Amino acid sequence: MSCILNIETSTSVCSISVSLDGQAVFVREDLKGPSHAISLGVFVDEALSFIDSHVMRLDAVAVSCGPGSYTGLRIGVSMAKGICYGRNVPLIGIPTLKILCVPVLLHYDLPEDALLCPMIDARRMEVYAAIYDRALNIKRETAADIIDERSYIEYLSLSPVYFFGDGASKCRDKITHPNAHFIENIFPLAKMMFPLSEKAMANKDYKDVAYFEPFYLKEFITSRPRKLL
């Protein structure tokens with residue numbers, strides 16, 4: 001049996017979940033944020049009390065590692081590290097854009113050749129995005145993109161591409177290719193992390209607790225986002 005505490009604080013939403021053998025058995029979410037500094041500590045205390053009261057053994061802590069809000073990620077990763085030190089369990093880092101893909105894969109009937117493009121909002125017509133296939137193999141690494149009418153055309157010309165996340169809605173008027181599809185109301189949530197954190201634990205894909213740092217959006221902003229041709 002594997003018991004994992006999942007923490008997601010990369011956007012304005014703050015959420016945690018406890019997964020046990022591939023099922024979310026405890027969930028807390030604050031969708032009204034950002035209030036991570038207040039909510040996260042309360043949620044984690046409740047989760048650990050739930051684990052202890054049900055005589056579970058915490059096996060790992062998984063945390064969303066960005067890209068995302070500097071403040072949100074710093075709070076989430078700091079909390080995750082503290083639990084790992086205190087309970088002597090390993091740390092798992094899950095990319096935020098992969099977390100966004102999970103509800104789409106679970107709840108939508110996609111064609112075999114579909115590509116997934118999760119997007120996190122940035123200023124003006126900029127987004128932070130990656131492209132995955134249905135098996136979550138990376139087809140294009142995370143990058144900062146300036147969106148125009150020809151964005152992602154090399155992928156849209158070959159396959160249907162599904163855009164989602166809080167950066168996707170502002171792209172709808174620009175990306176009008178017939179193969180472009182938009183899915184609304186997709187957020188990175190801890191209750192959707194368990195397929196990824198379970199896989200990472202099975203592969204012993206752990207992070208060094210002392211040196212692990214999340215993938216802040218500011219790391220993209222230091223260089224000018226690129227326009228896709």
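## A partly exposed glutamate and its partner

Glu46 counts as partly exposed, because its relative accessibility is 32%, a value that falls between the limits of 20% for buried and 50% for exposed. In this predicted model, Glu46 forms a salt bridge with Arg28, and the closest N and O atoms of the two are 2.8 Å apart. The pair links distant parts of the chain, since Glu46 belongs to helix H1 (residues 36-53) and Arg28 to strand S3, with their positions 18 residues apart in the numbering. Arg28 has a relative accessibility of 33% and therefore also counts as partly exposed.

## The sheet and the helix across it

Strand S3, which carries Arg28, is part of an open sheet of five strands arranged in the order S3-S2-S1-S4-S5, with mixed pairing. Strand S3 (23-30) and strand S5 (91-94) are the edge strands, each of them pairing on one side only. On average, and with direction ignored, neighbouring strands of this sheet are turned by 20° against each other.

Strands of a sheet pair through backbone hydrogen bonds, in either a parallel or an antiparallel manner. Strand S1 (residues 3-8) and strand S2 (residues 14-20) run antiparallel and are joined by six bridges, and Ile7 stands opposite Ile16 in S2. Helix H2 (residues 70-87) lies across S1, strand S4 (60-64) and S5, and the helix runs at about 170° to S4.

## Further salt bridges

The structure holds nine salt bridges, including one between Arg57 and Asp59, for which the closest N and O atoms are 2.8 Å apart. The two partners of this pair fall into separate accessibility classes: Arg57, at 64% relative accessibility, counts as exposed, whereas Asp59, at 9%, counts as buried. The assignment of Asp59 follows because its value of 9% lies under the 20% limit for buried residues.

Another salt bridge is formed where the side chains of Arg172 and Glu184 meet, at 3.4 Å from N to O. Arg172 lies in the loop between strand S9 (161-164) and strand S10 (180-182), while Glu184 lies in the loop between S10 and helix H5 (194-202), so that this pair ties together parts that are 12 residues apart in sequence. Arg172 counts as partly exposed, with a relative accessibility of 36%, and Glu184 is exposed, with a relative accessible area of 53%.

Key
Residues are numbered from 1 along each chain as its sequence is written. This is a predicted model: local features need pLDDT of at least 70, side-chain atom pairs count only at pLDDT 80 or more; totals for chains, interfaces and linings use all residues. Side-chain values use heavy atoms; hydrogens and water are left out. Two strands pair if DSSP finds at least two bridges between them. Helices (H or I, at least four residues) and strands (E, at least two) are DSSP runs, numbered from the N terminus. Axes are lines fitted to C-alpha atoms, for helices over the stretch in contact, and angles run from 0 to 180 degrees between N-to-C directions. Contact means heavy atoms within 4.5 Å. A salt bridge is a side-chain nitrogen of Lys or Arg within 4 Å of a carboxyl oxygen of Asp or Glu. Buried means under 20% relative accessible area, exposed over 50%, partly exposed in between (1.4 Å probe, protein chains only).
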